[in-house]
Structures are given as structure tokens and as C-alpha cells.
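Let's take a walk through this fold, one strand at a time. Keep the viewer open and follow along.

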Amino acid sequence: MDSTSKFLIFLASSLSLFLLKFLHKYWWTPLKIQKALSLQGIKGPPYEFIHGNNKASSRFRFEALSKPMASLTHNIVPRVIPHIHSWINTYGNIYLTWEGNQAQLVISEPEIIKEILKSNDGSFPKRKDDSSFIYKILGDGLVATEGAKWVRQRKLANHAFHGESLKNMNPAVIASVETMLEKWKGREGEEMEVFEEFRLLTAEVISRTAFGSNYLEGKKIFEMLTRLSILVINNYYKTKIPGISMIWKTADEIESEKLAKGIHDRVMEMVKRREKNVSKNRFSVEDLVDECKTFYFAGQETTNSLLAWTVLVLAIHTEWQEKTRREVFEAFGDRNPNSEGISKLKIMNMVINETLRLYSPVSAVIRKVGKEAQLGRLVLPANMEVMIPIMALHHDPQLWGDDVHLFKPERFTEGIASATKYNSAAFIPFSMGPRSCVGMSFATTETKIALSMILQRYAFTLSPAYVHAPFPIITLQPQHGIQVMLHRL
């Protein structure tokens, strides 16, 4: 047999092997999972070869986001997560869907959710995909990492974001809010786009508290993170054709790699300037870069979202704005907020919790099934995923009653446990269990300080120019901003 024949046989064998592996991954395995779950009573939209349900999800999203909401309602689920909303109504609170060839079990039953999120035996780890757009933002930081590395980083983060450390951050928050309010002077009676104002504020706060710098030093990092987050959401439901990305990259993939490198280089500059304060025994430089990206993005984006939507609901429901303002003056008078007074702001706490329920910063969380697992009555195969649609939970009338879409902070008068009828997984704006958001106290404290200082100086009403269009870009954002009218007290 000559060399040409040998080569042709080798080529044919290689192609046959590739084809078999390809069909096994993109046809046989999905059908096998679909059948296994169907036998357990789990239905869902049918798997489409290679694409899964990505095309359908994209269509739902395009239609929902192509126009603003018809009325000023807090029933935002059909717009923010339209595919999940539709499929829950069709298939029930547990259904199977497909992100490409990746099986995802969507679960909105609190008792099962509690079992997943409180697990600490490695059965349901965080999803990790080194090639994804989101990984370029967060890297292998606290949000994504697992095992002993996560334990070490979580301990350090707990120290940074709780107790005395949190109190020490308050002066930086107050100073940043004072800077913002100084710029607002003379704009009484004018329209103010507060979402962008709060973006600058929260960026300034995280720069000062986490890095001892200011917004200008981190300005380019924030700009690149914002652009990268837009690329994340634009590409989330695009199916990757196997092998193609290895030989040809899309314009978005090329741009995302440039942005990721730019963010890395900028953070490295900051780390090097502070290198003498870095304990090499605790963190490698790469670990530090990933943690800085996590702090910058998660610390800023979550608080920006919460503060903006809280101002929106108070601009709409001015009676609650007045109640909250009276409480602030009773606690602080004309003085700046202090830690003792912040902890006693019961009405503001109720308002913030109701805002977190209606406008959750993150609409869903995803976990991997690390090994075959028994979950309630279900047996789940390894390597599939479970998705917990936080926003769908928070808007479920079976959990919250027929007034679920109304802004009613009084639900939380007796605390979260009473509001949820002691069903802890019914209200999880910052997730729950060992992987709950470590920055929860930081985000809510910053929001309380900023809101208190604004309420001491201004009343605000919704501008006629406001267009109600909540928009998911990793965190929940207003597609056309939030415009309010400022009125000096």
C-alpha cells in the first residue's frame, strides 16, 4: 500500500472518529438526557440539533426588548426573562431547556432551590467556562472559583465586607456621595438621569474603598468592563459551532479578548503600584487581578442597579418617599449618616427589600451538577446544569399572593422570614447558602447612606420623559436611563 492510500485511510478514519464524537455530543447525549428526564415527568422545549433552544431564547428576547413596556408596571418578568416566563407557564416550575448542547434544568420550587444552594459537598459547583465572555470579566475570582482556593478567598472577603471593616468604609461612601451632591447644586427643577449619576458614584466608592484610589484612576477599567458586559449579553444565546472558533473568531470575540487584556493590564498597573502591601503568601498576582476585576464589576454593578431602581420606585410611590425621609431625619437630622443610625432604618430597609424583590439585580443563577445527584424526587445526570430564575421566584403569585406585582414594602414590616412565610428560598436577591454574595452588606449599606443623604436634600418625582424598559445586562439596568425631577427641600 503506497503512502497516498495510507494517508487517505488515516484521513477517513479520523473523519469518521470526529463524526462519531460529534454526533455523540450533539445528538445522542442530549436525546439520552431528554428521555431520562421525560421518564421522571420533566418536559420542556424540544432540543434542536447543535443550537438547543438558543434560537428560541433569542427570538423571545428580541421581541421583548424591541419596545418599552406599555405601562408603568412592576410586572417586568415577561420583558426581562421572556423565555423563562413563557416556558414556566407552558411546562411548569421545573422544566428542561438547552443552552446549545448543554442541558439546563430550570427550577423555581423553593424547597429544591434551598437544597441546591445550601449544599456544601461539591454536588452543585459554580459553572466555569474559560472560553466564555463572562469569564473574561470575572476570571477565576471569588465568584467563579471552587475548592480550597475559594475557601481562602471567601475568608478574606468576609473580613473585608463585614463588621469593623464595613464601618471603616462608610467615610469613603459619604465623601463620594457629597461629591455627587455638590454637582447637583443649582439643578433644582431640572431633569436628572440618575442611573448614570449612580454609575459614577458607585465606581468612585469601589475605587476608594477597595483600592484607595479614585474614579479617574479606574475610569478606563469601568469603561472596558461596561463594554465587555454588553458583549456578554449580546452573545449569550449565540451557538458556538464546534471547532470554528479555533480557526476563525467573530468580531465580538476579537474585541472581547482585547478588552480582557486591557482590563488585565490596567489592573496589573494598580497592583504593581501597591505591590509592597501585597502578601505573596496569600495571593498570586494573577489571583489579585481576578479579585480586583470581581470587586470592580460585582461591587459597582450590583449597588448601581439597587440604588437606581430604589430611586425609581420612590419617585413613583411618593408616599413611601415621604415616610422614608421622615425616618432619615428622625435618625440623623441634618447630619451625615452613621453606622448606628443606619442599622435602625426600618422603613428604608423595607423599601430596599421590596425593590430587591421587584427589581432583582441578577435575574438568575446557574450551578453545575458535579456528579449524579438525587434532588427531591429527581435523579440528575452529572454535568448538566440547574438554573434558578431568581426574578421568577420573586414575582410568583403562589409565593407572594395576588398583589405580587405591586410595590408594597409593608410586606417586610415583620422582616424577611415573615414576608416569605418562613420559606427562605422565596427571597434570594443575593442568592443564599455558602456561595451567597459576600458584598450584600456592602451594597445595602452604600445604598442606605446614599439614599439618606439624597432624601435629606431633595424630593424627586418621575420625569415625563422616563421610558419604562428594564434591561438585563448581567445586572438589571434601565435601557433608556431613569429620569427624575429634583426638588430642593
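Threonine 97 sits opposite glutamine 104 of strand E2. That pair belongs to an antiparallel pairing of E1 (residues 94-99) with E2 over six bridges; strands here, labelled E, are DSSP runs of at least two residues, helices are H or I runs of at least four, and both are numbered from the N terminus. Two strands count as paired if DSSP finds at least two bridges between them. This is a predicted model, where local features need pLDDT of at least 70 and side-chain atom pairs count only at pLDDT 80 or more, while totals for chains, interfaces and linings use all residues. Residues are numbered from 1 along each chain as its sequence is written, and side-chain values use heavy atoms, with hydrogens and water left out.

E1 and E2 make a hairpin with two residues between them, and glycine 100 in the turn has a positive phi of about 65 degrees.

Now look at the other partner of E2. Strand E7 (residues 385-388) pairs with E2 in the parallel sense over three bridges. Here glutamine 104 turns up again, opposite glutamate 385, and leucine 105 stands opposite valine 386.

Put the pieces together and you get an open sheet of four strands, ordered E1-E2-E7-E4, with mixed pairing. E1 and E4 (365-368) are at the edges with a single partner strand each, so one side of each has no neighbour in the sheet. Ignoring direction, neighbouring strands are turned by 30 degrees against each other on average (axes are lines fitted to C-alpha atoms, for helices over the stretch in contact, and angles between N-to-C directions run from 0 to 180 degrees).

How enclosed is E2? Six of the six residues of E2 (residues 102-107) are buried, so the strand is largely enclosed by the rest of the structure; buried means under 20% relative accessible area, with a 1.4 Å probe and protein chains only. Gln102, Gln104 and Val106 point one way, Ala103, Leu105 and Ile107 the other.

Helix H4 (residues 82-91) lies across E1, E2 and E7, at about 140 degrees to E1. H4 also packs with helix H2 (residues 54-65) at about 115 degrees, their axes 8 Å apart. The two helices are therefore roughly perpendicular, a label that covers 65 to 115 degrees. In this contact (heavy atoms within 4.5 Å), Ala56, Ser57, Phe60, Arg61 and Ala64 of H2 meet Pro82, His83, Ser86 and Trp87 of H4.

Key
Buried means under 20% relative accessible area, exposed over 50%, partly exposed in between (1.4 Å probe, protein chains only). Angles under 35 degrees count as roughly parallel, over 145 as roughly antiparallel, 65 to 115 as roughly perpendicular and the rest as oblique.
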